[in-house]
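Work through the exercises below with the sequence and the structure in view. Each task is followed by a worked solution.

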Amino acid sequence: MFDHVPLASNMLPPTELPVAFLPSSFSPDQPFALTLPNVNPAAALSGMAQPVVLARFASLADAMQGAVKAADHMEFQAAPQILAILDRDDRLVLAGVAISGTVAWCHPVQSAAEARAVVMEASALRAQVARVSDRQEAELAARLRQRARRLEARLVDPLWRAFAGRTLQIAA
């Protein structure tokens, strides 16, 4: 699941993306942060895995456009990357999978019951990962992990669920 640890206000923009992508002013005061999950194993094991902030934006529409630009500049490894948009209180607003220069937005859950079902399914997938990892099936484990991440990307904060769903309808 996405770790929603408060972002450091003095965090500088990362250097993984070309400077042309980043907004001219990287202001921590902007309300929407475009992030990537922190895949650093040491951070994950310590429980201090903060998402990596790629850029900050004044509006959700700008953040969505920024996500598409980021996907255009990303180098794709074996697994697609999940981009997440967080609000100033680090609540998940919207997430999507960066694939071949575009973003496939994950439709947010619509209710607490649907959120519970998603959490249960993702937990079951992670349990399968543990069993498969014991049998040295790394490729299958990676696919199951990615599927669990995609499910968890639907766990938009209840405050943003209706708005994010409507935004995706309008964008379609």
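**Exercise 1. Place Thr35 in the fold and decide whether this residue is buried or exposed.**

Solution. The model is a predicted one.
Step 1: Thr35 belongs to strand S1, which covers residues 32-36.
Step 2: the relative accessible area of Thr35 is 1%. The cut-off for buried is under 20%, so Thr35 is buried.
Step 3: look at the neighbours. Leaving aside residues up to four places away in sequence, Thr35 touches Pro51, Val52, Val53, Leu54, Ile82, Leu83, Ala84 and Leu86.

**Exercise 2. State the order of elements in the protein chain.**

Solution.
Step 1: count the elements; there are 5 helices and 5 strands.
Step 2: read from the N terminus, which gives β-α-β-α-β-β-β-α-α-α.
Step 3: turn to contacts with a separation of 6 or more. Residues 24 or more positions apart account for 66% of them.

**Exercise 3. Find which residues of the largest nonpolar core touch the most other members.**

Solution.
Step 1: the core holds 24 residues, and those touching the most other members are Leu34, Leu83, Ile85 and Trp105.
Step 2: assign the contributors. S1, strand S2 (52-57), helix H2 (60-73), strand S3 (81-86), strand S4 (92-99), strand S5 (102-105) and H5 each supply at least two residues. H2 gives the largest share, 6 residues.
Step 3: take Ile85 as a case. Not counting residues up to four places away in sequence, its contacts include Leu34, Leu60, Met64, Val93 and Trp105.
Step 4: check for another core. A second, separate one has 12 residues, among them Ala122, Val132, Ala148 and Leu155.

**Exercise 4. Compare the span of helix H3 with the expected value, and list its buried residues.**

Solution.
Step 1: H3 runs over residues 112-134, which is 23 residues.
Step 2: at 1.5 Å a residue the expected span is 33 Å, and the end C-alpha atoms are 33 Å apart, so the two agree.
Step 3: the buried residues are Ala115, Val118, Ala122, Leu125, Val129 and Val132. In an α-helix there are 3.6 residues a turn, so residues three or four places apart point the same way.
Step 4: the cover over these buried residues includes helix H4 (138-152) and helix H5 (161-171).
Step 5: just after H3, Gln136 has a positive phi of about 65°.

**Exercise 5. Locate Asp89 and identify its side-chain partner.**

Solution.
Step 1: Asp89 sits in the loop between S3 and S4.
Step 2: its side chain makes a polar contact of 3.2 Å with the side chain of Arg91.
Step 3: Phe32 is 57 residues away along the chain, and the C-alpha atoms of Asp89 and Phe32 are separated by 9.3 Å.

Terms used
Residues are numbered from 1 along each chain as its sequence is written. This is a predicted model: local features need pLDDT of at least 70, side-chain atom pairs count only at pLDDT 80 or more; totals for chains, interfaces and linings use all residues. Side-chain values use heavy atoms; hydrogens and water are left out. Helices (H or I, at least four residues) and strands (E, at least two) are DSSP runs, numbered from the N terminus. The expected span of a helix is 1.5 Å times one less than its number of residues. Buried means under 20% relative accessible area, exposed over 50%, partly exposed in between (1.4 Å probe, protein chains only). Contact means heavy atoms within 4.5 Å. A nonpolar core is a set of buried Ala, Val, Leu, Ile, Met, Phe, Trp, Tyr and Cys residues joined through side-chain atoms within 4.5 Å. A polar contact is a pair of N or O atoms within 3.5 Å; within protein, one must be able to donate a hydrogen and the other to accept it, and residues adjacent in sequence count only if both atoms are side-chain atoms.
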